[in-house]
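The exercises below are meant to be worked with the sequence and the model open side by side. Try each task before reading the solution that follows it.

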Amino acid sequence: MKISYPPQWLIRFFRWFCAPELMPFIEGDLIEIYQQHLKDKGRWRANWLFLGEIIKLLRPSLMRSLEGNTRLNYYGIIKHFFLVTVRGFKKEKSYVSINLLGLTLSLCVSLLMWHYVRHEKSVDGHHHNSSNKYRINYSYLKDGELITKSNHATYAMGPMVSSTLAGFENMVRVRPLFTDELVAISNDEKQFSSRSVYYVEATFLDFFNYPLEKGTSSEALSSPNNIVLTHESAHKFFGDTDPMGQPLHVSGGSLTGDFIVSGVLAEEEFGTHLDFDYLIPIEFMLSHYGLYVRNDGWFWDNFFTYVELSENVDAGNLSIRMDTLINQRLADNLKATNQTIQTGFQPIADIYLDPFIAGDGGLKKGSPTDLTIFSIAAIFLLIIAAINYVNLASGRAITKRLEVSLKKVIGASKRQLIGQFVFESFIFNVIALILGLFLFYFLIPSFNSIVRIDSSFHLIFDLKFCGMLLAGVGLASLFIGFYLAFISVKTGQLALSKSNVQSSGRMKGNWLKKSLLIFQFMIAIMLVAGTWLVYQQIHFMKNHQLGISMEQLLIVNGPIAVLEEGRDVMKMKQETLRNELLTYPSIEAISGTSNVPGTGEIWYGGVRKLGDPREKEVLTQAILVDAAFTDAYAFEFLGGGPFHKNMADYEAVIINESALKAFGFQAPQEALKHSVVMENMDTLKIHGVVKDVHWNSLQEPIHPVIFGINDYPRFYTFKIATENLSTTLETIETTYRKLYPKDAYHSFFLDDDFNQHYESEQRFGLLFGLLAGIAILISSLGLFALIAFSLSRKVKEIGIRKALGATASQLFQFISKEYFYVFMIALVLAIPIIYIAANRWLESYAFSVGIRLDLFIIPATLVALITFLMVTKKILSSVHTSPVEQLRNE
Amino acid sequence: MGKYQLGEFEEIVLLTVGVLFGDAYGVSIKLTIEERLHRKVSVGALQSALKRLEKKGYLSSSQGASSSKRGGRPKRYFQLTASGKNAIESAREVRNQLYSEIPKIAFNLKSIM
């Protein structure tokens, strides 16, 4: 008799909640009743009544108990899972080790990258109430357009705004010494020169969280002759003796003074953008450096001003009111140049990663682009490893179908079958995680030294991250396990046992595997391309023609302590140095300058042609040199000539090509008839015009520069011959020490020092290359295993082809064809991405190597080559076995 | 009563099972009650009661044959146990006793204020 069933979904629902021992009988009753209703009242009514019955069956007495009905012996089944997993691992050691290696490596590297990124992002986050602390930045606008951004402010601005306007809790000013150099001389005549000295207000140690090892924060900076050392400097200057109360003489032109050590900072635990060797109260600088007090402190802007705002203060509103105040106070000055000032509050935690702007000297900066790139690359690496794992494991899962079908015959439930796969993938991932963590922990010290992290920051302390990591691993293993179970468990028992196993060897239909492989290739190609690009750019920057010759130039730091003996003595000693050393034929030229290439400039500000209104001022850099300068550096003159030996200080200037154009001159000859005015103060004749050179590293564009005359050298440049180098160096050092006994002797070769600018790029390239290397390693391992597996599936096919007379090369072609296609697709997809990313990265360099064809060809070739090798090696072994062996496998 | 706690519906079910001797299963019990008492009985309520009665020991069940009419599901037949018989009898006794003790005058409804 044909019956029609009530709605299936209701039945299923019923079966779910009903106690199993009652279920068949009640279901039977329901169906019988349903038939009756169907006959009497029709389908609609019958369904409706059925629904009613089901609902009324929702009684506690009829529901299945929550503990589950059959008490499963979970212990037994987990033990079984474990056994099978372990046996599986033991049986296929190579598969396991390849996979594990890949996962572990990529986990470890990703952890390292993440550690680096997190460290950089947490810089300056440890200061108390850091979310309410800001630095005040200036933007100079002309007619609404931004001319310059500066992170400096004048001395008087801070107190004025914080006392006049509401909303300020705290204010502190910091003056870093970034251009000059000081020599600290301890009691036993040891000398240490440093450029990282900060002059700070007394509240500095309270505002910023720098715990003191010795001394108290309220006392340490209270009198003008106090000095506070960092942990490292204290050790450098005083070794193991207690520095507190010890005298320290600091020599540096107008900043010379005698100090008593009043505090020592504890070892640095967290990263910060402030970079100093020791701290001196700001009162000292103000009393010695008159310029800052001029115009009531509104004259010179070289101070970082940090403020703490009260809770719930509208920073934007406050900023606008500050603007009004400031623009009012400086009205006369600004009117002349037709500019307005706009202030901005920058949270202190953001300063470290902010792109470099003028005036960042004396600060430690990180690079946000690097961070993004590393994060992305680390994620890529993880993806590759995961893809590898899936590919390898799924290849293996097919062989596990036999096991699965056996289990089904015995009567395993679907849940148990899936459980096996999930369990295995979970165990695998956990082992990889543990190994990866060990490796990570082990590598942290060396990694820290490569990327210059000196604080004791540790990723483990970031609990949120640890939680995410565990969750990630758990989820990943779950997903992978499910996927593997899915492909192994679905179809009917009998069909699985034998023949079907063969057919899934070919990759043709298996689009998932193929797309994963494509993705892997893509990532490998992109990473190699990236590494290549970085190294190319570094090579370019190092070898690009700078316009001046940097070879054979020895730089010696100019004497500082000698200034205390008076200007006349200093000048006399200079002459002596010059005369004595020039007698040696190996010393070709000596020049004393304020800066050498790579050390920036001594001053920058607005300069205009005499006769132009102040509006036409151009931001120019100034470097002070002497008459021998242009000889020593072999500048090319476009007009005019070098300075004469007897010219007075500040009598005239030499300008560069960019300055020529900026001031509006048509030709060099025209410029020689004119003078320039520096910030409305000094007027100087133009004595010569030189061709542009790359004074700073190639990361910066070429600025307009004026070279002025001044005989006080902060650096001595010696042009020396290459023969008898060591004798020449010795002579120079002895003469120097003789004349300047109280100064430290510090020398370096210009080309070495200049290249230090590229240090961060080199570090970046190194890390990136590391990533790329590992990515390739993992990918090739995976590829190798994949090929091995797929070949083992095709043993019969190959045997038949051979028996029919295929040659080795024909076989090779046939097998490698599909890998070739995959590779080509990956390449085509990778090329536009590489192009876009490379463009973006190179934009940050004023002078770049540009995108050339080899950026694509080299990585493609490399990856192709490796793939080729893998494929060939495996194929050769398979191809050479006798077809009899292969066909015997039946 | 006393020893045999029996709800009204439970008593009905027990009686019906007795009436349907040999043929008492879910659907038949349900239909019989609905017919005789003119009230709707839901499968859930009935099953619940049957389970309770079996647990109390008044009914015993046995599995019957399956039929295609029931979608291949078997039937579950119920019979009265000796305890169940005692329960019905005791209930009946109590009712009869109470009824016989009602004075005639209680039925003379017209004269009651």
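Two residues are in contact when heavy atoms of theirs lie within 4.5 Å. With that in hand, note that the model shown here is a predicted one.

**Exercise 1. Describe chain B as a whole, from its elements to its contacts and its surface.**

Step 1. Begin with the elements: chain B has four helices and two strands, and read from the N terminus they follow the order α-α-α-β-β-α.

Step 2. Turn to the contacts in chain B with a separation of 6 or more, of which 50% are between residues 24 or more positions apart.

Step 3. Finish with burial and surface: of the 113 residues in chain B, 40% are buried, while the chain exposes about 7,000 Å², with carbon and sulfur atoms supplying 56% of that area.

**Exercise 2. Give the corresponding description of chain A.**

Step 1. Chain A contains 31 helices and 24 strands.

Step 2. Among the contacts of chain A with a separation of 6 or more, those between residues 24 or more positions apart account for 79%.

Step 3. Chain A has 890 residues, and buried ones make up 51% of them; the exposed area of the chain is about 42,200 Å², 60% of which is supplied by carbon and sulfur atoms.

**Exercise 3. Work out how chain A and chain B meet, and which elements of chain A take part.**

Step 1. Start with the extent of the interface, where 22 residues of chain A are in contact with 21 residues of chain B, and where the two chains bury about 2,000 Å² between them, 59% of it on carbon and sulfur atoms.

Step 2. Next, consider the charged pairs: there are four salt bridges between chain A and chain B. One of them is formed by B:R73 with A:E27, whose closest N and O atoms are 3.1 Å apart.

Step 3. Count the polar contacts as well, which join ten residue pairs between chain A and chain B, with both residues at pLDDT 80 or more.

Step 4. Now look for the elements of chain A behind this surface: helix 2 (23-41) and helix 3 (43-56) of chain A are the ones that give two or more residues to the side touching chain B. Helix 2 of chain A makes the largest share of that side, with eleven residues.

Step 5. Sort the side of chain A that touches chain B by class, and the result is twelve nonpolar, three polar and seven charged residues.

**Exercise 4. In helix 1 of chain B, decide whether B:T16 and B:E11 are buried or exposed, and list what they touch.**

Step 1. Place the residues: B:T16 lies in helix 1 (residues 8-19) of chain B, and B:E11 is found in helix 1 of chain B too.

Step 2. B:T16 has a relative accessible area of 8%, and therefore counts as buried, the cut-off being under 20%. At 11% relative accessibility, B:E11 is buried by the same cut-off.

Step 3. Leaving out residues up to four places away in sequence, B:T16 touches B:I29, B:T32 and B:I33, whereas B:E11, with its neighbours within four places left aside, is in contact with B:L6, B:A91 and B:R95.

Step 4. Add one link to the backbone, since the side chain of B:T16 reaches the backbone oxygen of B:I12 at 2.6 Å.

**Exercise 5. Describe the surroundings of A:A838.**

Step 1. A:A838 is found in helix 29 (residues 808-843) of chain A, and its relative accessible area of 5% makes it a buried residue.

Step 2. Not counting residues up to four places away in sequence, A:A838 touches A:L533, A:I851 and A:L855.

Step 3. For a distance along this part of the chain, take the C-alpha atoms of A:A838 and A:G850, which are twelve residues apart in sequence and separated by 8.8 Å.

**Exercise 6. Examine the backbone angle and the exposure of A:N129 and A:N312.**

Step 1. Most residues other than glycine have a negative phi. A:N129, although not a glycine, has a positive phi of about 55°, and A:N312, also not a glycine, has a positive phi of about 55°.

Step 2. Locate them: A:N129 is in the loop between helix 5 (93-121) and strand 1 (133-142) of chain A, and A:N312 lies in the loop between strand 12 (304-309) and helix 11 (315-329) of chain A.

Step 3. Assign the exposure: A:N129, at 35% relative accessibility, is partly exposed, while A:N312, at 79%, is exposed because its value is over 50%.

Notes: Residues numbered from 1 in each chain as written. Chains lettered and ligands numbered in written order. Predicted model: local features only at pLDDT ≥ 70, side-chain atom pairs only at ≥ 80, totals over all residues. Heavy atoms only, no water. Buried area = accessible area lost by both parts, 1.4 Å probe. Salt bridge = Lys/Arg side-chain N within 4 Å of Asp/Glu carboxyl O. Polar contact = N/O pair within 3.5 Å; in protein donor to acceptor, adjacent residues only side chain to side chain. Nonpolar A, V, L, I, M, F, W, Y, C, P; charged D, E, K, R; others polar. Buried < 20%, exposed > 50% of the residue type's maximum accessible area, 1.4 Å probe, protein only. Areas by Shrake-Rupley, 256 points an atom, 1.4 Å probe, with all protein chains shown as cover.
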